Amino acid sequence: MKRNIVIAVVTAAALVGGGTATALAVAGDDENTTSVTRTDDDRDDRDDRQDRDDDRDDDGIGAAAPASGKVTAAEAIAAALDHTPGTAVSAELDDGSWEIDVLAKGDTWHTVRIAPDTGKVLGAHQDDEDDTAEVRAALKNASVTAEQAARAAESKGPVVSVDLDDDGDDRAWDTETRASGGEREWKVDLRSGAVVADRDDD
């Protein structure tokens with residue numbers, strides 16, 4: 001009778017305790033002992049889920065998206081132009097901040113860094129660029145700004161870069177989006193704002 005009560009108590013303790021429980025059941029006055037070990041399956045499930053999450057993060061799939069933080073490309077461009085008036089020519093999420101290249105009056109170039117979580121200006125400095133004439137020529141008849149191009153490309157996913165393609169006749173805003181499916185490149189028309197897949201990206 002005592003033995004049955006002890007076994008019942010041990011079993012209940014193992015079920016309620018969670019984790020791994022080890023108990024000893026004593027049969028009468030004998031010195032013999034029996035070891036009962038139970039492993040909590042719920043904990044194993046949590047470990048499995050953690051392993052799957054780690055695998056997704058390593059692959060770049062399922063990781064916190066986007067790599068753009070709270071501030072979108074369009075918002076970063078607007079913040080940069082508030083600080084340094086001019087024409088935004090490119091924006092890229094790089095090394096933990098947005099970097100926006102601005103062509104200001106007098107053909108001076110500036111790079112403005114924007115915090116991706118707050119939209120505050122982290123710093124700005126003047127740059128030397130030698131393609132000012134090409135950029136001005138490409139934007140001469142353009143009606144779509146870098147900020148507008150970024151907003152247009154957002155329909156395809158979180159935008160992580162916008163850059164003016166001023167080469168040849170195929171001038172456009174080159175944009176890149178990043179989501180769980182990977183990175184994709186898009187062209188935004190300088191006049192209409194139409195977004196099409198970059199053929200070179202296929």
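Two strands count as paired if DSSP finds at least two bridges between them. With that in hand, here are the close-up views of this predicted model.

**View 1. The whole chain, as a starting point.** Five helices and 10 strands make up the chain. Of its 202 residues, 31% count as buried. The accessible surface is about 12600 Å², and carbon and sulfur atoms account for 45% of that area. Looking at contacts between residues at least 6 apart in sequence, 37% of them link residues at least 24 apart.

**View 2. An open sheet of eight strands.** Following the sheet across, the order reads E6-E5-E4-E3-E7-E8-E9-E10, with antiparallel pairing. Strand E6 (121-127) and strand E10 (195-197) are the edges; each has a single partner strand, so one side of each is left without a neighbour in the sheet. On average, neighbouring strands here are turned by 25° against each other, direction ignored.

**View 3. Where strands E3 and E7 meet.** Three bridges join strand E3 (residues 87-94) to strand E7 (residues 159-165), in the antiparallel sense. To find your place in this view, look for Ala91, which stands opposite Val162 in E7.

**View 4. Two helices lying across the strands.** Helix H3 (residues 73-83) lies across E3, strand E4 (97-103), strand E5 (109-114), E6 and E7, and runs at about 50° to E4. Helix H5 (residues 146-153) lies across E3, E7, strand E8 (172-179), strand E9 (182-188) and E10; its angle to E8 is about 40°.

**View 5. Gly119 and its contacts.** Gly119 sits in the loop between E5 and E6. Leaving aside residues up to four places away in sequence, Gly119 touches Val71, Ala79 and Ile114. The view also takes in Ile77, which is 42 residues from Gly119 along the chain, with 9.6 Å between the two C-alpha atoms.

**View 6. Two aspartates with positive phi.** Most residues other than glycine have a negative phi, and this view shows two residues that do not follow that pattern. Asp95, in the loop between E3 and E4, has a phi near 55°. Is Asp95 buried or exposed? Its relative accessible area is 72%, and exposed means over 50%, so Asp95 is exposed. Asp107 belongs to the loop between E4 and E5 and has a positive phi of about 60°. Asp107 counts as partly exposed because its relative accessibility of 44% falls between the 20% and 50% cut-offs.

Key: Residues are numbered from 1 along each chain as its sequence is written. This is a predicted model: local features need pLDDT of at least 70, side-chain atom pairs count only at pLDDT 80 or more; totals for chains, interfaces and linings use all residues. Side-chain values use heavy atoms; hydrogens and water are left out. Helices (H or I, at least four residues) and strands (E, at least two) are DSSP runs, numbered from the N terminus. Buried means under 20% relative accessible area, exposed over 50%, partly exposed in between (1.4 Å probe, protein chains only). Contact means heavy atoms within 4.5 Å. Accessible areas come from the Shrake-Rupley method with a 1.4 Å probe; for residues, only the protein chains shown count as cover. Axes are lines fitted to C-alpha atoms, for helices over the stretch in contact, and angles run from 0 to 180 degrees between N-to-C directions.
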